[in-house]
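Thanks for sharing this one. Here are some notes to read alongside the coordinates.

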Amino acid sequence: MRRSTKLAAVVLSGSLGIASLAACGAKSNDTSASSGASDGALKVGMAYDIGGRGDQSFNDSAARGLDQAKSQLGVAVTEADAKTGEAEADKETRLKNLVTAGYNPVIAVGFVYQAAVEKVAKENPNTKFAIIDSASDTQPSNVTSLTFSEQEGSYLAGVAAALKTKTKHVGFIGGVQTELIKKFEAGYRAGVKSVDPSIPVEVTYLTTPPDFSGFAAPDKGKEAAQGQLDKKADVVYTAAGSSGNGAIEAAAGAGALAIGVDSDQAAQPALAKYKNSIMTSMVKNVDKAVFAYIESAKKGQVFTGVKNFDLKADGVSLATTGGKIDDIKAKLDEAATGIKNGAITVPTDPSKI
């Protein structure tokens, strides 16, 4: 995780006084002089999901988009981390402190922020908010949803798993049993089924709401993967944030294959010793969505409503690092084309498979 200076307090003009960002786990990268941002630069606040920067997955993808905006657009940024098991009030305080400190827009990373974003956005109509992975009919007009067609990328991951398994047995691990992660499961299982309906898919969820620790528990990920490996699954796909790191470790130790998620995990330095066991990753290009949103804000034409990033828009894809799926590229391309032209409709509900 990148080192950064803690903000003990931020002094604001007029009657706003002092707002403590340190109290909500904020980390300042608002170094305008050194980053090339001038006075009056757009100030972007990012509130991470559990695991934060350094999770090698979901949060890191968002962080790459923020870093790109800082370097290419000259914006000033600050980051705030979440804590496992925190109360809803903590999320609200984190967002409020970013607003009070003058950050606009504020980006919330993850659906766990939905209720907090709605409340704080209603209280601060002049601040623009974006939330990743969540869309609600009740959120105010100053909130933009950045969503993805996770099921489409997961379908391709399922096709790859079915083509690569030697035991004709594969697995799926979800961090938390939510509607979002069920989209990953549904797409993956549908992809497997499209190749060979007889291949069983082991499914394990690490936690259920309101316990979201399943996104930041590598030990649980490792244990779940080991259980599936013991049942002869030899390809395991994990959609569970940093918990997936444990699943990758287990697969590597058993001589099996892992499918990463959100980031190209075979290219992550912290997972380098396992890269030969990472067959591919279902990359959710959160970085592209974050950068595009910040760029729209800088241009004064900020995205509104729901902005979805699907396979056709390169919102999701399969990583090719290591060349382990090169031999099945033609079949993957065929499936991708079917999704893009509408010939294949990928389900989002596992119960419908």
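**Notes on the core, the cavity and the backbone**

1. A good place to start is Y188: leaving aside neighbours within four places in sequence, Y188 is in contact with S154, Y155, A157, G158, A161, V170, G171, F172, V201, V235, Y237 and I259. Please keep in mind that this is a predicted model.

2. Y188 also belongs to the largest nonpolar core, which has 83 residues. Along with Y188, the residues with the most contacts inside that core are I107, Y113, I132, F184, Y237 and I294. A second core of 17 residues is separate, and A225, L229, A240 and A256 are among its members. As background, nonpolar side chains tend to be buried together in soluble globular proteins.

3. Helix α4 covers residues 114–123, and its buried residues are Q114, A116, V117, E118, V120 and A121. What do the buried residues of α4 pack against? Their partners are helix α3 (88–100) and the strands β7 (106–109), β8 (129–132) and β9 (143–148).

4. Now to the empty space. The structure holds 1 cavity of 30 Å³ or more, and the volume of the largest cavity is about 170 Å³. Its lining comprises 18 residues, of which D49, F58, F215, G241 and D262 are the closest to the centre. Two or more lining residues come from each of α2 (58–73) and α6 (179–195), with α6 giving the most, 3 residues. By type, the lining divides into 9 nonpolar, 4 polar and 5 charged residues.

5. Two peptide bonds deserve a look in your viewer. The bond from N104 to P105 is cis, with omega near 20 degrees, and P105 sits in the loop between α3 and β7. P209 and P210 are also joined by a cis peptide bond, with omega about 10 degrees; P210 lies in the loop between β11 (201–207) and α7 (218–230). For context, most peptide bonds are trans.

6. Two residues that are not glycines have a positive phi. Q56 has a phi of about 65 degrees and is placed in the loop between β5 (43–47) and α2. For K168, phi is about 55 degrees, and this residue is found in the loop between α5 (150–164) and β10 (170–176).

7. Are these residues buried or partly exposed? Q56 has a relative accessible area of 12%, so it counts as buried, under the 20% cut-off. K168 is partly exposed, with a relative accessible area of 44%.

Definitions and conventions. Residues numbered from 1 in each chain as written. Predicted model: local features only at pLDDT ≥ 70, side-chain atom pairs only at ≥ 80, totals over all residues. Heavy atoms only, no water. 1 Å grid on protein atoms, 1.4 Å probe; cavity = no way out; pocket = protein on both sides within 12 Å on 5 of 7 lines; lining within 4 Å. Points joined across faces, edges and corners; volume = space filled by probe spheres on them. Helix = DSSP H or I, 4+ residues; strand = E, 2+ residues; numbered from the N terminus. Nonpolar A, V, L, I, M, F, W, Y, C, P; charged D, E, K, R; others polar. Core = buried A, V, L, I, M, F, W, Y, C linked by side-chain atoms within 4.5 Å. Buried < 20%, exposed > 50% of the residue type's maximum accessible area, 1.4 Å probe, protein only. Contact = heavy atoms within 4.5 Å.
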